[in-house]
Structure formats: structure tokens, C-alpha cells
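Student: Got a minute to go through this model with me? I'd like to look at ring contacts and then pockets.

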Amino acid sequence: MFGDDDDTFIQSIQPLPTQIIERSVFHADQFDPDRFLSSRRHLGLERLKTELNAHRSFLKNELIELINRDYQDFINLSTNMRGVDHAIRALKMPLTSMEGQVKDAQGHFDRLVTDLETQLDHRAAIRDRKTSLKLLLNIHDSVEKVEELLEINKDTAAAAAQNDVAITLNDDTALDHDLLGKQIERVAVEYNQMQHLVSRGKHLAFVTENEWRITRIKEVLQQKLSKALSSALQKMASGTVSAAVQQSMTQSLRIYALIDQTHVAEQIIRDDFVRHFLKKIIHKDFTVADAPAHANGGTSSSPPPTADAFPLTAMYSKILLFASNELKPILDITQHTLKGTNYEVLVNALWVEVVDRINRSCAFIYAAGQTDACHKNYTASVQFITELENLFNSKKSLLYFRSHASYATFMKRWQLPVYFQLRFREIIHKVEEQLSEPSKHQGYKAPPADNALVLNGTKVIAQAIESCWSDHVFLFVLSHRFWKLTLQLISRYKMWALELVGQSPDHADEASSPVRPSTPSNAGAEPMLMDEALIVILISDIERFVAFVKKQMSNIMFTKLPSDIHDVALLKESMDDLLDNLESNTSHELDRRITGALSRRCMESFKHVRDMINQQRMNKQRPTEPSFFIPSLFKPLTSFLAQHRAWIAPAKVHTWSTVVVDMVVFRYTQIMSKTLDNLKLQDDTMKNIRWKGGLTRSILGSSGANASLTDIEKIQLQFVLDVHQLGTEIDKLEIEKATLDCYTKLCSVIQPYEHLLTGTAPPS
């Protein structure tokens with residue numbers, strides 16, 4: 001029955017411990033008395049005490065046995081230690097001698113290391129002195145070599161006579177230009193070598209003592225180079241641009257680049273060449289035609305000059321012509337022959353001088369007092385900067401130009417926020433002045449053929465938006481401000497349109513209660529009131545204005561916005577939302593007022609319903625024709641549409657007609673239902689009276705002997721005829737009756753009385 005698994009289980013069973021408390025528990029590293037006692041709470045205090053006392057007795061007996069077992073060895077310990085002191089003393093003497101020998105050896109080696117370090121330090125000092133001496137000799141030789149090349153130490157008169165032969169680049173010199181160029185470049189190389197050696201030995205007393213010689217070399221070299229460069233520039237300024245002059249210019253500029261003094265060469269070009277030409281171009285009298293009253297604080301009523309004759313534009317054109325012609329040989333050398341050097345002649349020589357002379361002589365061009373002149377000045381300046389940037393041959397030069405301090409200073413001088421505020425006042429003043437005047441439709445009987453705007457308020461807003469983005473007002477850097485102004489103008493137009501129909505925020509209570517129109521004459525055929533004709537034209541103007549703004553936005557506004565703008569879609573969405581809001585709120589409000597006025601005029605015919613009821617009670621004949629007011633029920637609507645159809649879009653004609661018909665039919669249904677309910681109540685009351693009094697004749701019935709219909713039935717039949725005629729009138733308006741829920745409900749009201757047309761029995 002039992003398998004191998006059972007045998008394995010039986011063998012794995014350990015015997016029960018003889019002691020409840022095992023000794024191994026106390027040997028654990030993490031023994032905790034509190035945990036030990038709490039884990040044996042089931043034993044009880046007495047049982048636990050007994051077990052612990054038994055364990056203590058066991059430990060005592062084991063300790064005694066251990067002492068008895070090793071006691072003999074403990075007693076023999078002192079006996080075994082005899083003779084150890086003698087052995088230790090025998091070992092101490094040789095060990096002490098060995099220690100002294102080791103210390104002597106250590107001291108000897110320490111002295112050797114110290115002597116060696118001293119000798120190494122001395123050798124290093126000698127090497128440094130040797131290096132310094134060699135550096136001094138090199139500096140001395142280099143200084144003398146440069147002085148010799150520059151012939152500084154010769155007699156002054158002789159040096160002055162030979163100076164032009166050694167260094168100055170002249171067409172009459174006897175030396176060959178190639179040899180002269182090599183000699184100049186050698187001077188530059190030696191000068192750079194001298195500067196390098198001097199920078200290495202600047203801590204030496206020799207360098208300090210000979211600082212005056214180094215300074216003299218620098219001054220003489222710069223003087224000679226400046227003289228050579230100035231001579232070449234003077235020849236270029238006089239119109240002589242020969243190969244020798246170009247070679248001399250190239251050699252001089254190359255030397256300045258070799259000695260890292262390009263800024264000095266650029267300053268010489270600015271002082272001796274650029275300034276000579278700009279004095280003739282930039283001066284106060286040249287642009288005086290553009291500054292009629294800035295200096296005196298006055299104003300000028302004369303219009304600004306045209307773009308072709310604008311003085312500032314002509315001045316900038318001459319500067320660009322100078323940069324493209326006279327300055328071109330220098331630019332070719334610095335941008336091509338010496339490509340890779342630090343020359344920025346267009347910036348450091350031309351641009352800085354242009355800005356400096358404009359700030360000193362023509363600072364009035366920055367003034368924003370005359371907006372037209374300021375716009376022309378700024379536009380001409382920006383165009384000049386753009387064309388000047390086209391002369392740069394590398395992106396590095398272009399970035400250097402735009403990050404230059406003079407560029408930032410020049411752009412900050414323009415008072416563009418002030419310019420915008422003045423333009424803002426001009427535009428808003430014209431708009432508010434026009435919108436404050438009473439609006440008139442100017443007697444237009446038909447809209448203009450060119451889809452032009454009609455109302456003066458709409459025209460002035462459209463003109464203001466056109467002005468914001470026109471070429472003589474708009475500025476690229478103010479595009480965000482003009483965009484905001486455009487949105488404000490559209491919002492202002494919306495407010496004006498609502499105020500025009502008495503629907504401004506201050507008249508909210510008036511909007512909730514419709515105004516009853518004048519009582520029509522001749523069945524509502526009188527001409528429309530002036531305000532209603534104005535509303536029709538306003539609706540047409542709003543539609544044309546929205547189309548105009550969208551066209552301006554796509555054709556003009558977006559083309560003038562910055563090309564790097566990332567939220568064009570957001571701008572378009574904001575404009576579309578504003579225009580949609582203008583149409584949805586303003587146009588819908590105007591539609592509501594028009595349809596409300598027309599429906600009230602049509603409903604005035606319902607006052608004849610009571611006359612129809614009285615007539616049928618008095619009439620003995622069966623009604624065969626609809627009521628007289630039904631065929632002319634929608635005459636106010638048709639007259640209005642016929643009078644203003646030229647202003648109203650076909651879709652809006654259908655919309656207005658549907659809304660008016662729906663309101664009129666809904667009201668007619670209410671009147672008819674109420675009238676029929678009252679007649680039924682009266683009939684039921686009469687029946688009760690007849691039943692109680694035993695009467696055999698209906699009080700409401702006809703008194704004629706041949707009458708076949710009661711008065712109530714004649715009224716019901718008349719309503720049936722009127723509803724059928726009403727459907728015919730709706731068909732004339734080209735409106736699908738099936739789409740009108742109100743007409744369907746009206747037909748359901750007269751459905752129980754349709755049998756009266758044929759004289760058949762009523763349906764069961």
C-alpha cells in the first residue's frame with residue numbers, strides 16, 4: 001500500500017526535542033528577549049520559569065565540567081613559561097644592532113635624494129635662464145631686425161629720403177613692385193614674430209626697459225602703412241584705378257591682415273576715402289525739402305514729394321551707387337583676394353559713417369510728427385538697408401552687420417510706436433466723425449453695379465481698413481498693430497450697425513419688445529418706412545463688407561505679414577470668427593426685425609375674422625368663396641419684396657418669405673383653434689338648454705325653412721374655404737407647403753370639417 005514517497009516522508013521526520021526551550025535559540029545572532037518571551041506565551045509563566053531554571057542548571061553543570069577538564073593545563077601554564085625571558089634578551093641585542101644599521105642607511109639615502117633634488121632644481125633654473133636668455137636674444141635680434149627693415153636708427157634726414165624707397169608704395173619708385181611687396185610682407189612677418197616673442201617675455205625686465213622701442217616700431221610701421229594705404233586711396237578717389245594702385249592697395253591691406261590690424265585699415269578707408277564721398281551726398285541742405293517744419297515745431301500742408309523725387313531715396317541711391325562703383329575695388333580685394341580675413345569694409349567703413357553723418361546732419365528724418373514723411377523716410381531707409389545687404393558676399397558678414405551696435409542704434413531711432421499712434425488717431429478720427437452723423441441711404445433705388453458699398457458708415461470703415469494696409473501707411477514691423485486695428489474696426493462696425501437699428505447694448509430692453517409698425521393703408525400697400533429701407537441696404541452692405549474684408553485678407557493682408565510667422569492659420573481663424581460673428585449677430589438681428597415687421601403687417605388682416613363670424617350668422621346662404629382678406633393676406637410681404645428685390649439676394653427672399661409665412665400661419669392657426677373651440681362650447685351649452693327645456697329648434701340654427709347648415713357649420717365651412725385659399729397664396733410665394741409644419745397643423749384643424757364642402761355626412 002505504501003510507496004517510496006511514504007518512506008521518504010517517514011525518514012524526514014525529526015524526533016521531538018527533549019527540552020521545550022532549545023539551546024540553539026540563545027545562540028542566534030538576532031536574539032531578542034521580548035520576542036522570545038512573546039512567542040512562548042502559551043506555556044504560562046510557571047512552566048516557562050521551570051524550563052528556564054532547568055536550562056540554567058544545565059549551563060552551570062556544563063561550565064563546571066569545562067573548568068575541570070582544562071584545569072590541569074591552566075596550572076601548568078606558569079611552569080611552561082620558565083626561560084622565556086632569557087631567550088628574549090638573547091634576541092634583543094642583534095635586533096637593536098640591525099635597527100641602527102637600517103637607520104644609518106636611510107639617512108644616507110635621504111641625503112643623496114636631497115642632493116639630487118637640489119642639483120635638478122639648479123639644472124631647471126639654469127635651463128629657465130638659458131631659455132630666458134635665448135628669448136632675450138631673440139627679442140633683441142627681432143627688434144633690431146624690424147628696426148633695420150624700417151630703417152629707424154639711421155639718420156633722420158637719410159631715413160626720410162629712403163623711407164619712401166623702402167616702404168612707401170609709389171608709382172615712381174625704382175624698385176620692382178613684386179620685390180617691394182615681398183619686402184613689406186617680410187616686415188609684417190618679422191613684426192608678428194617680434195610681437196609673439198614680446199608676449200612671451202613680457203615678465204622680463206629687458207622687455208620693460210625696451211618697451212619704448214617696441215612702441216616706436218609699432219607707430220612707425222602703422223605710420224608707413226597708413227601713408228601707403230592713404231596714398232593708394234587718394235589715387236582711387238581721384239579716379240586712378242590702375243593695376244599698380246590695386247596692387248599697392250592689396251599689399252597694404254594684406255599687411256594689415258597679417259599684423260591683425262584690420263580695424264585700423266577700415267578706419268583709414270572710412271576717414272580718407274568714404275568720408276570724402278559722403279560729405280557730398282549726406283548733408284542737411286540735401287534733405288531740407290523733406291523737413292519743412294520739424295526743427296521749428298510747425299506743420300506743413302504741402303504734400304510730400306513722390307517716391308521718384310523723394311530726396312532721401314535719391315540720397316540712398318547715390319550711396320549705393322558709390323558702394324557699387326567707387327568702393328568696388330576695395331570690396332573685391334577684401335571679399336575675394338583676401339577672403340577669410342576679418343575685413344568688414346561695408347559695415348565698419350561705409351555703414352558706420354553713413355549712420356554717423358545721418359545722426360549729425362539729418363536727424364530730423366526720424367521724427368514721426370508728419371506721418372507721411374516719416375513713412376517715406378522709414379520705407380526708404382529699410383529699402384536702402386535691404387539693397388546694402390545684397391552687397392555682402394557671405395552669411396557671416398550679413399550676421400555681423402545685423403548684430404552691429406550701429407545697426408541696432410539706427411533702427412531704435414525710428415519712433416515707430418509714435419508713428420502708429422498718430423496713424424491710429426487719424427484713422428479713428430475720420431471713422432468716428434462719419435459714424436456719428438445720421439445715416440442715409442442716399443436715395444439708391446438699386447444697388448451699384450460694381451458691388452460698391454452704399455452707406456457712409458460702411459464706406460468709412462472699409463476705407464479705414466484699406467488705409468491700414470495701404471503702401472503709404474502700412475509698415476512691416478508694425479504688422480501686429482495694424483492687424484489688431486483691423487479687428488477693432490470690424491468690431492466698431494458691428495456696434496454701429498446694431499446702434500443703427502436701435503439694437504445697441506444700451507437698448508437691450510427695446511430689442512425684447514417688437515415695435516408695432518404704422519397702420520397700413522390700402523391693405524398694406526403703402527411704401528416702406530425710411531428705417532426699414534435703411535435696414536435692407538444695411539443688410540446688403542454687411543454682406544458686401546464681409547466679402548470685401550475676406551478679399552483684402554487673402555490678397556493684401558497676408559501678403560504683407562512676416563513670412564516667418566507661425567500662426568497664420570490662427571490669424572485667419574480669428575478674422576473669420578469675427579466676420580462670422582458680424583453676419584450671425586448683426587445680419588440675423590436685422591433679419592429678425594424685417595420679418596417681424598412684415599409678419600405683424602400681415603397679421604393685421606386677422607382682425608376681420610370676427611367680422612366674418614358675424615357675417616355668417618347673419619347670412620342665410622351657404623358660403624362658397626373665401627373671406628375677402630385672405631387673397632391679400634401676404635400683400636405687405638409681396639409689396640416689400642417687389643420694392644426692394646434689387647437689394648435682396650434670392651436666397652434671402654425665400655428665407656424671409658418662409659419665416660413670415662410660418663409666423664402668419666402659426667398665428668392664424670391659434671385664432672382659428674380658439675374660435676372653433678368657443679363655438680363648440682356655445683353649441684354644447686345651447687344643446688343642454690334645449691334638452692332641459694324640451695325645445696326642438698336650435699337657437700344657433702338658421703331660422704329659414706330651407707336652411708341646411710347651422711351657423712356654426714357655415715363658419716366651419718368658411719374656415720375650410722379660407723385655409724384652401726391660404727394654401728393657394730402660399731403656392732404663389734413659391735414655398736413648399738409640405739415643409740411648413742404650421743400649415744400641416746392648420747390643415748389638421750379643419751380636417752373634421754372637410755365634408756361640409758361636398759355636403760356629405762361627417763366621418764364617424
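Student: Which residues do ring pairs link into a cluster?
Tutor: Ring pairs link Y316, W351, Y366, Y378, F384, F392, F401, Y407, F410 and W414. Rings of Phe, Tyr and Trp (its six-membered ring) pair if their centres lie within 6.5 Å; planes under 30 degrees apart are stacked, over 60 edge-to-face, the rest tilted.

Student: Any ground rules before I go on?
Tutor: The model is predicted, so local features need pLDDT of at least 70 and side-chain atom pairs pLDDT 80 or more, while totals for chains, interfaces and linings use all residues. Residues are numbered from 1 along each chain as its sequence is written, and side-chain values use heavy atoms, with hydrogens and water left out.

Student: How many aromatic pairs are there?
Tutor: The count is 25. Take F277 and F322: a tilted pair, 4.8 Å centre to centre, with 35° between the planes. F277 is in helix α11 (residues 262-281) and F322 in helix α12 (residues 311-324), 45 residues apart. Helices here are DSSP runs (H or I, at least four residues), numbered from the N terminus.

Student: Are F277 and F322 buried or exposed?
Tutor: Both are buried, meaning under 20% relative accessible area with a 1.4 Å probe, protein chains only.

Student: What sits over the ring of F277?
Tutor: The charged end of K280, 6.0 Å from the ring centre. The rule asks for NZ of Lys or CZ of Arg within 6 Å of the centre and within 35 degrees of the ring normal.

Student: Back to the cluster. What about Y366 and F410?
Tutor: They pair edge-to-face, 5.9 Å centre to centre and 70° between the planes. Y366 lies in the loop between α14 (345-361) and α15, and F410 in helix α17, so the pair ties together parts 44 residues apart in sequence. Both Y366 and F410 are buried.

Student: Now pockets. How much space lies in the largest pocket?
Tutor: About 480 Å³. A pocket is an open set of points on a 1 Å grid where a 1.4 Å probe fits, with protein on both sides within 12 Å along at least five of seven lines; lining residues have an atom within 4 Å of a point. The volume is the space filled by probe spheres set on the points.

Student: Which residues are closest to its centre?
Tutor: Of the 22 lining residues, Y378, V382, L475, F476 and V477.

Student: Which element gives the most to that lining?
Tutor: α15, with 8 residues.

Terms used. Helices (H or I, at least four residues) and strands (E, at least two) are DSSP runs, numbered from the N terminus. Buried means under 20% relative accessible area, exposed over 50%, partly exposed in between (1.4 Å probe, protein chains only).
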